[in-house]
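Here is my note on the model you asked me to look over. I have set it out as numbered points, so that you can follow each one with the structure open beside you.

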Amino acid sequence: MKRVILPTALLCLAATSGIALAQEQAPRPPASTLTAPKGASQPVDARGFIHRWLVLEPVPVQGRLTETAVQEALKVAALPDAGDALPKDGDTAVANGATLRWHALDTSHYNVNLYHFAWALSKPTSNVLFWVVTTVEAPRDMSNVRLAIGSNAASRWWLNGQPVIALNDDRQAVIDDGVSPRVTLHRGRNVIRAAIINGGGATDFCARFLDENDQPLPGLTVSLQPGQ
Amino acid sequence: MLRNVLLYAALACALPVHALDGDIVIHDPSTVIFQGGRYYTYGTGNGLPILSSEDGWTWHRSGSLMSAVAGGKPGAEVLAKGGNNTWAPDIIHIGDKFFLYYSAPGTQPKSAIGLLVGRTLDPQSPEFKWEDGGPVVWSDGIEDSNAIDPGVLLDPDGRLWLTYGSYFGYIRLVELDPKTGQRRNQSAPVNVAINSEASILIYREGWYYLLVTHGSCCQGANSTYNIRMGRSRKVTGPYLDNMGVDMIQGGGKLFAASRGRHVGPGHFGLLDLGQGVQKFSLHYEADLDRGGVSVLDIRPLLWRDGWPIAGNNFAAGVYTLESARTGTVLELAVQGFPVGGFRQRRGGPPGSGIVGSGPPGGAQPPAGPPPEPQMGAPIADQDPSQVASNWPGTTAVRLAPAMLQAQQKWLIAPVSGAGGYPGAPFFRITIAGTERSLTATQDGELSATPFTGAAEQLWRIDQLTDGSYRIGPKAVPGTNESWVLSAVGSSMPTLSKFDPASDRQRWLLGAP
């Protein structure tokens with residue numbers, strides 16, 4: 001069972017209403033592991049992890065973690081079909097009645113800490129769905145590779161529009177927890193989209209590609225350039 | 001559900017662990033050897049009868065070896081040193097030659113071990129000829145030796161060794177010339193064991209293991225044959241058992257004894273299939289499922305704490321397939337339901353009376369003493385009929401934490417008439433209570449589809465020397481690669497090339 005651990009600051013807020021209100025309204029410090037991207041592109045790291053993502057502010061959903069509940073959450077939180085086009089940092093989108101903003105981020109860790117991301121924006125971290133998207137540039141056609149992800153909690157992943165991974169239940173973000181069937185990365189731009197659904201507590205994800213021997217796939221670069 | 005439970009039980013009972021298939025009546029089989037797409041073994045009897053098999057599972061009689069020897073019988077010197085019986089051969093392949101050693105006893109313990117040299121094992125080949133190499137060792141009927149039951153080993157240094165002997169005296173060791181198969185010198189043999197026969201050496205990681213057969217043969221189900229062993233750092237011994245008793249003083253750690261429907265195992269032979277799969281051949285003095293005759297078997301060879309372990313042939317039944325890499329189990333990719341139904345997530349265990357919890361500052365705890373915890377009634381096993389109504393006909397498969405749910409319980413059963421591989425038939429792997437069978441797909445992935453008996457639904461299950469299993473389809477559509485079931489991540493099963501150094505393709509099969 002995932003345990004819900006409330007930060008000390010939140011507990012204080014709940015207990016001391018006057019001071020808490022003032023703190024609630026004050027800007028929170030940014031997530032320490034997430035920064036604005038520097039440079040037009042970034043290689044995957046030595047272990048193949050993708051560090052650059054566009055993340056939409058969390059969409060409120062029920063946060064139940066079964067196959068049918070995840071399917072329902074995806075319907076509720078659906079975004080207008082943008083094809084292969086990527087949003088830009090600062091673009092907004094409407095999902096489940098909420099107007100939400102896209103954030104371009106580099107993570108200093110192998111994973112993207114969505115809890116830190118949302119908390120720093122004073123957004124909910126429980127019962128939410130996060131849309132994330134990025135593109136990887138492949139130097140050539142690369143067949144028999146696999147997208148390998150970890151997510152807390154459930155997640156669905158698409159590569160170039162095709163569904164490739166579905167994790168439906170409560171889980172921690174374990175490296176290579178969910179792995180796609182063999183896929184081909186096309187020379188040039190390949191789009192990864194994902195939805196991470198969290199019930200409560202911590203939430204994060206990581207992603208990389210594996211070669212046909214299950215080793216990290218080198219030679220990929222990541223960019224958030226809008227789709228051509 | 002009871003109907004299915006009975007079905008599974010009846011199926012398991014109806015599918016005994018057979019010793020191979022086909023014509024497998026044999027006594028004192030040689031080491032099983034492979035050449036030109038066939039497996040061969042040779043046994044005691046007129047002319048040294050041959051059994052052969054294309055797949056190692058279904059065996060056929062294939063004539064006799066002496067039919068390809070000039071004169072059709074042992075050479076004159078063998079007859080003179082021993083006698084005109086032909087018993088208990090062993091065979092080894094070195095370079096372009098096969099050396100076959102056989103027992104030629106007269107009135108025991110007067111006996112000789114003869115050598116035959118051939119270049120092909122295929123009785124249909126025009127090259128199928130065996131040359132008499134004369135006697136290699138013999139016993140004169142007076143000395144403490146009975147020169148029968150040869151066993152040969154080519155050690156990692158390229159030295160060839162022969163052990164032989166039976167209850168009249170010692171089990172003896174001599175060195176042979178790997179170029180000719182003849183005895184290398186005429187120095188005195190080394191005595192290495194007593195009170196046994198059917199000796200043979202194997203080598204592994206710096207140890208020589210001497211396997212012998214104790215007890216009595218040739219009395220059907222009244223035979224006391226059992227295989228025992230000792231080990232030594234030096235080929236010349238001493239061979240000590242697990243309690244430190246020298247085999248020359250009667251020691252011997254038990255390797256295989258009578259079990260199930262098979263009485264009197266004897267005549268060990270190593271069949272190393274490579275990549276971490278070892279098997280051993282033997283005969284049973286009596287197979288109770290075949291009228292109590294002596295038959296050939298091939299079983300998994302396992303290793304534990306530096307000793308070989310006689311593995312058992314895989315038995316049909318309902319299993320979970322747990323990845324040694326991830327600890328997760330193979331399941332249909334369907335929404336699971338908890339055994340016994342859903343329960344409230346938070347709170348105490350069922351029956352505790354604790355119905356909720358939450359962050360500090362919530363409701364006051366109930367007054368009075370804590371409720372007395374109570375156990376509930378047993379919860380029945382989950383059956384597909386309870387949960388499978390919405391399962392699609394063709395389903396993806398995945399890995400998930402073991403939860404004893406219906407989509408995680410696989411019935412593994414042999415497929416009659418589908419052939420097999422050394423020591424076992426092909427199996428189907430089907431969700432118990434359904435027809436959804438594990439299937440290799442065109443792209444080297446997996447699904448569960450209705451069983452048709454196609455090659456991509458027939459599975460080879462080999463037990464590796466560490467006791468885990470390697471599981472692979474008979475064929476993967478669209479490729480000639482021999483791929484096996486692999487865990488590529490915590491949640492993803494696939495098919496890929498076997499890597500003996502990795503846990504990716506190792507599976508633990510247990511009762512759910």
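1. What percentage of the 228 residues of chain A count as buried? In this predicted model, 39% of the residues of chain A count as buried. The secondary structure of chain A comes to four helices and 16 strands, and, of the contacts in chain A that join residues at least 6 apart in sequence, 78% are between residues at least 24 apart.

2. Before going further, please look at the confidence values. The model scores ipTM 0.85 and pTM 0.88, while chain B has a mean pLDDT of 92, with 92% of its residues at 70 or more. Residues 1-16 of chain B, however, have a pLDDT below 50, although this stretch has 17 contacts in the model beyond near neighbours in sequence. Where pLDDT is low, the predicted coordinates should not be read in detail.

3. The two chains touch each other, and the contact takes 17 residues from chain A and eleven residues from chain B. Sorted by class, the side of chain B that touches chain A has six polar, three nonpolar and two charged residues.

4. Chain B is divided into domain 1, made up of 1-17 + 314-337 + 390-512, and domain 2, which covers 20-310. Their C-alpha centres lie 36 Å apart, and 17 residues of domain 1 of chain B are in contact with 22 residues of domain 2 of chain B. On the domain 1 side of this contact, β26, β27 and β31 of chain B each supply at least two residues, and the classes on that side are nine nonpolar, six polar and two charged residues.

5. Nonpolar side chains in soluble globular proteins tend to be buried together, which is a useful thought to keep in mind when you look at the core. The largest nonpolar core has 181 residues, and those with the most contacts inside it are F130(A), L210(B), L211(B) and W410(B). Strand β8 of chain A, residues 128-138, gives the most to this core, with seven residues, and the core also draws at least three residues from each of domain 1 and domain 2 of chain B. If you select L210(B), you will find among the residues it touches, leaving out those up to four places away in sequence, V192(B), L201(B), M229(B), Y239(B) and M247(B).

6. Chain B also has an open sheet of five strands with mixed pairing, in the order β1-β5-β4-β3-β2. Its edge strands are β1 (21-22) and β2 (33-35) of chain B, each of which pairs on one side only. Strand β2(B) runs antiparallel to β3 (residues 38-42) of chain B, to which three bridges join it, and Q35(B) stands opposite R38(B) in β3(B).

7. Two hairpins of chain B are worth following residue by residue. In one of them, β18 (residues 262-274) and β19 (residues 277-287) of chain B pair in the antiparallel sense over nine bridges, with H262(B) opposite D287(B). This hairpin has two residues between the strands, and Q275(B) takes a positive phi near 55°. Strand β18(B) is mostly covered, as ten of its 13 residues are buried.

8. In the other hairpin, β31 (residues 459-463) of chain B pairs with β32(B) in the antiparallel sense over five bridges, and R460(B) stands opposite G472(B). Five residues lie between these strands, and G467(B) takes a positive phi near 95°. In a regular strand the side chains alternate between the two faces of the sheet. Both faces of β32(B) are covered, with Y469(B), I471(B) and P473(B) buried on one side and R470(B) and G472(B) buried on the other.

9. Finally, why does G423(B) count as buried? G423(B) lies in the loop between β26 (420-421) and β27 (424-425) of chain B, and it counts as buried because 25 other C-beta atoms lie within 10 Å, where the cut-off is 20 or more. Leaving out residues up to four places away in sequence, G423(B) touches G56(B), K279(B), I298(B), R299(B) and N313(B). By contrast, consider A487(B): G423(B) and A487(B) are 64 residues apart in sequence and 26 Å apart in space, C-alpha to C-alpha.

Conventions: Residues are numbered from 1 along each chain as its sequence is written. Chains are lettered from A and ligands numbered from 1 in the order in which they are written. This is a predicted model: local features need pLDDT of at least 70, side-chain atom pairs count only at pLDDT 80 or more; totals for chains, interfaces and linings use all residues. Two residues are in contact if their C-beta atoms, placed from the backbone, lie within 7 Å. Ala, Val, Leu, Ile, Met, Phe, Trp, Tyr, Cys and Pro count as nonpolar, Asp, Glu, Lys and Arg as charged, and the others, Gly among them, as polar. Two strands pair if DSSP finds at least two bridges between them. pLDDT is the predictor's confidence in each residue, from 0 to 100. A nonpolar core is a set of buried Ala, Val, Leu, Ile, Met, Phe, Trp, Tyr and Cys residues joined through C-beta atoms within 7 Å. A residue is buried if 20 or more other C-beta atoms lie within 10 Å of its own, exposed if 12 or fewer, and partly exposed in between; C-beta atoms are placed from the backbone. Domain bounds come from an automatic or database domain assignment.
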